[in-house]
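I opened this notebook to record what I looked up, one topic at a time. My two topics are a patch on the surface and a strand with its neighbours.

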Amino acid sequence: MRIPPRAVLPPMAVMLCLGLWGLNRGTMWRDESATQQMAQRTLRQILRALGSVDAVHGLYYLLMHPVLAVRPSEVALRLPSVAAAVLATGLVAALGCRLARPRVGLWAGLLYAATPLISHYAQEGRSYALVAAGAVWATWLLVGAVEEPAGTGRPAGLAAAASVSGAAGGKPPGRGAGRWVGYGLVIAVTALLHLFAGLLLAAHALTLLASRAPRRVWRGWGLAAASAMAPLVPLALLARRQSGQVAWIPEPGPAGLWALAKDFAGPSGLVLAVNALLIAVAVARPLPPRPGSPSLTAVALPLLCAPPALLFALSQSDPLFLNRYLLFALAGVPLLAASGADRFATWATGHRGRRAVAAAGVMAIGVAFVVQLPPQQRVRGPHGRADNLAALAAELGRRTRAGDAVLYDPPYERRIALAYPRSLADRRDLALSVPGPASGTLYGVEVGPSELLRRLGTVDGAWLVAADGPKARRTKAAMLAGRFRLAYVLCLPGSRLERYVRGR
C-alpha cells in the first residue's frame, strides 16, 4: 500500500527537532567517552583492541571512525544516533499505516518520538538508537515479505520461499527471495551492532505463528534467520570471553521489570496508566488486519514482550538485563497504544470526523509531552547521565598544577583524562605504563605494585581519582595511605578526589 507522507513526515520532523534540542550538553559520560576514544584510533588499533575489550561494539566503533575523522566533537559523536532515531520514528509511523490506517501511523510515530527514553538514546554516542532503527526496519521488511500482493492470491512469502527453492535448483532467485535476503542482511547488521538484537527473531517467529503463516513462509524466514545468525557465532564466543566487562550488572527481579515498563510507557504515572489502558484495549480488541497482512497486534505485541521476557529469563543465571539493551523493543508500545486509541476513537465517534479525531489524538500526545517535559529536559542537561566527565576533569584541573602526580583507582577512572585531556595537560600519570592505543586496551596498561611504590618514592604527594561506590576496590588508596597522609577529600558524582602529602 502507499504510505501517506502526512502520516510519516510530521513524526520524523518532531523527532529531528527533539534530537537536535540540547544536543551539545557540554559533557560526555563514561560510555560516550569509550566511543570517542575507540573511534578516533586507527583501524588497526581498533581491531587490535576488540580482541580484548568491547567486541560487541566493534561494528559501531568502525562506523563512527569516519564520522569523528571529519569532526571529532561531541555533537558529531551524537548525530548518527539522532539520524537513526528519526529513521526509526518514520518506520514506526509507516508500520502503523501499513498494518492499520494513516491516523494510527501518525499517532504511533508521534508517541515514539515523544517518549523520553527515545530522546535519551537519540542524544547519546552509543549504538542503541541505531539498533532500534534496525529492528523496526527488519520488522517492516518482515511484514513486506509475508504480505499478500494485491490481486495475486498468494502471500509474498510464498513467492519468496518458492524463489529460494528455485535458486537451489539452478533457477535465478526472484523478487520474493530478494525480500528475505534484505531482511536477513538488516537482522545481521543490527545484531552485529548489538548481540541482543538477535532476540528480535523470537518476536518475529511469534508474529508468524500468530499470523498462521504457511510452511513455505516459515521456510523463507528460517533460511534468512539462519543466514543472519551465522556471522554472529564468532562474535558471541568472543564476547563471552569479555563478559567481565558486564559483571557489575545485578540479577534482575520484579523491580527491574517495573523500571522497564516505566521507561517504555512512562515515566510519568499518568502517561504510563493511559498507555497501559490503550495497550490492554489493543490486545483485547485487536484491529482487523489489512487484506494479506498480519495484524498490528500480532506484530507489535511480540516485539514488545518477547525480547524483554527472554533476556529477563537468561539473566537469572547470567545477569545482563539493562533497559538500553532492550530499546529496540520499545517500538511495540506506541504501535499498540495507537491501535488502542483508534479502537476507542471508533467506538466514541464511529466513522465521523476522521480528521478531527486524528487532530485530537495529536493534541493528546502533545499534552502527554508537556506532562513529561521535566524528564525530557533532564536527559538534555549535564547531569542527565550517570556521570559528568567534563565537570570532573575541570574540577581536577582546578585543584592540581602542572607536574602533579595523579593516580586513577581503578584504571577506568583514567577516562576523565582521556575524554578531556586539556584540563589535565602536564599532569603526571604515575601508574601508566603503556597508553590504551598502543596496548590494545581502553585505558592503558599500568605498572606493577613494586614499580608503582618506587615511583611513589620520587614524589612529595599525589592526587587520587577514585571510583566512589560500595563495591569500589581502593587498592591504590591503601598504597598511598602507607606512605602519605590524607590531606583533602572532595566527593563528586561517581568519584572521589583525594590529596595525599608526605607526613610530618
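Before the first entry I noted the cut-off I would need: a residue counts as buried under 20% relative accessible area, as exposed over 50%, and as partly exposed in between. I also noted that this is a predicted model.

Entry on the surface patch. I began with Val367, which lies in helix α18, and asked whether Val367 counts as buried or exposed. Its relative accessibility is 52%, and therefore Val367 counts as exposed. I then looked up the patch to which Val367 belongs, and found that Leu270, Val274, Val367 and Val371 make a nonpolar surface patch of about 340 Å². Two helices contribute to this patch, since α15 (269-284) and α18 (354-371) each supply at least two of its residues.

Entry on strand β5. I turned next to β5, which spans residues 461-467, and found it mostly covered, with 7 of its 7 residues buried. Looking at the directions of the residues, I saw that Gly461, Trp463, Val465 and Ala467 point one way from the strand, while Ala462, Leu464 and Ala466 point the other way, and that all are buried.

Entry on the pairing of β5. Which strands pair with β5, and in which sense? Strand β1 (residues 405-409) runs parallel to β5 and is joined to it by 4 bridges; in this pairing Asp409 has Ala466 of β5 as its bridge partner. Strand β7 (residues 495-502) pairs with β5 in the antiparallel sense over 7 bridges, and there I found Leu497 of β7 as the bridge partner of Val465.

Methods. Residues numbered from 1 in each chain as written. Predicted model: local features only at pLDDT ≥ 70, side-chain atom pairs only at ≥ 80, totals over all residues. Heavy atoms only, no water. Patch = residues over 30% accessible without salt bridge, like charges linked within 9 Å, V, L, I, M, F, W, Y side chains within 5 Å. Areas by Shrake-Rupley, 256 points an atom, 1.4 Å probe, with all protein chains shown as cover. Salt bridge = Lys/Arg side-chain N within 4 Å of Asp/Glu carboxyl O. Buried < 20%, exposed > 50% of the residue type's maximum accessible area, 1.4 Å probe, protein only. Pairing = 2+ DSSP bridges.
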